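Open the structure in your viewer and keep the sequence panel visible. We will go stop by stop.

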Amino acid sequence: MQALLEKDTSEEQPLASRRLADFPDWGYLLREFYEAYRFLSSGGSDRIRAHQRAVREAISRVLKADPEMRFDAPAHKPVTAHLRRALDEGKQERTAPLVRAIESIKDHLIWQYGYEKVPRGLDKTYAYAEICGPNGPVLTTDVILGLVLFAPGCTYPAHAHSGISESYICVSGAVSENHQGVYAPGSMIFNPPEHMHRITVSKLEPALLAWAWIGPPERLANQKMVFSRKKG
């Protein structure tokens, strides 16, 4: 019996060599991202429609390629204490299918800051986790998909992305960008390359956003998070 147990263990496929198809919940999550970018309105904007199409096409390539998966140890930040509330609130919204897909993999997420120096206070009110991209867990150079979580009342400082088109889908809560409009669950924010943007969050509830970055592979691989020192 002991020999049989040892044989079964030795034949297990190493995590490092396993592929997306071996982890159905991650595949379902990518499909929910795809559906969100398929059905959310572009508001009549040709630029937003083109971005949505580019994200969908990139996700399709990832799914077809069945890429390798790379799992590092899950990591939490202080703001992840608000994650359960954010997910519960999202279940009441049109984003519920995406929320359920996120919930199925949430224990494996690696929450991080992405900045060399985080401004005082932001370390308790913000963190992000990548779903797929050059850093994994789903390894690809076609697109970066992720989640960002904000605590109530968070102000996310002004920043821009060089050579990257970015979009956020509001999964739960409510946010404003550059004090221009309020984005509720099921709405999208689009930031073209170099666009300076600053996010503020409702004082009563956390906000969970799904995001996508589209750009040349070298840009996606080397993109750095840097806050702007500019006023406004």
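Start at Asp-66. This residue follows helix α3, and its phi is positive, near 50 degrees. Bear in mind that the model is predicted.

Now select α3 itself, residues 46-65. Does its length fit its residue count, and why? At 1.5 Å a residue, its 20 residues should span 28 Å, and the end C-alpha atoms are 29 Å apart, so the two values agree.

Go to the start of α3. Show the side chain of Ser-45. One of its side-chain oxygens comes to within 3.4 Å of the backbone nitrogen of Arg-47.

Next, colour α3 by burial. Which of its residues are buried? Select Ile-48, His-51, Gln-52, Val-55, Arg-56, Ala-58, Ile-59 and Val-62: each is buried. Look down the axis. These residues cover an arc of only 160 degrees, which puts them on the same side of α3. The spacing has a simple background: an α-helix has 3.6 residues a turn, so residues three or four places apart point the same way.

Turn to the other side of α3. Here Asp-46, Lys-64 and Ala-65 are exposed.

What covers the buried residues of α3? Add α2 (24-39) to the selection, then the strands β2 (138-139), β3 (144-150), β5 (165-172), β8 (188-191) and β10; the cover includes these elements.

Stay with β10, residues 207-214, and select Trp-211. Then add Tyr-128 from strand β1, residues 126-133. The ring centres are 6.1 Å apart and the planes stand at 65 degrees; with over 60 degrees as the cut-off, the pair is therefore edge-to-face. Because one ring lies in β1 and the other in β10, the pair ties together parts that are 83 residues apart in sequence. Are these two residues buried or exposed? Both Tyr-128 and Trp-211 are buried.

Move on to the other rings. Select Tyr-113, Tyr-126, Phe-150 and Tyr-156, which ring pairs link into a cluster. How many aromatic pairs are there in the whole structure? The search finds eight.

Finally, zoom out to the full chain. Switch to cartoon and find six helices and ten strands. Of the chain's 232 residues, 44% count as buried. Display contacts with a separation of 6 or more: 73% of them join residues 24 or more positions apart. End with the surface view. The accessible surface of the chain comes to about 12200 Å², and carbon and sulfur atoms hold 50% of that area.

Key. Residues numbered from 1 in each chain as written. Predicted model: local features only at pLDDT ≥ 70, side-chain atom pairs only at ≥ 80, totals over all residues. Heavy atoms only, no water. Phe/Tyr/Trp six-rings, centres within 6.5 Å; stacked < 30°, edge-to-face > 60°. Helix = DSSP H or I, 4+ residues; strand = E, 2+ residues; numbered from the N terminus. Buried < 20%, exposed > 50% of the residue type's maximum accessible area, 1.4 Å probe, protein only. Contact = heavy atoms within 4.5 Å. Areas by Shrake-Rupley, 256 points an atom, 1.4 Å probe, with all protein chains shown as cover. Expected span 1.5 Å × (residues − 1). Arc of directions from axis to C-beta. Polar contact = N/O pair within 3.5 Å; in protein donor to acceptor, adjacent residues only side chain to side chain.
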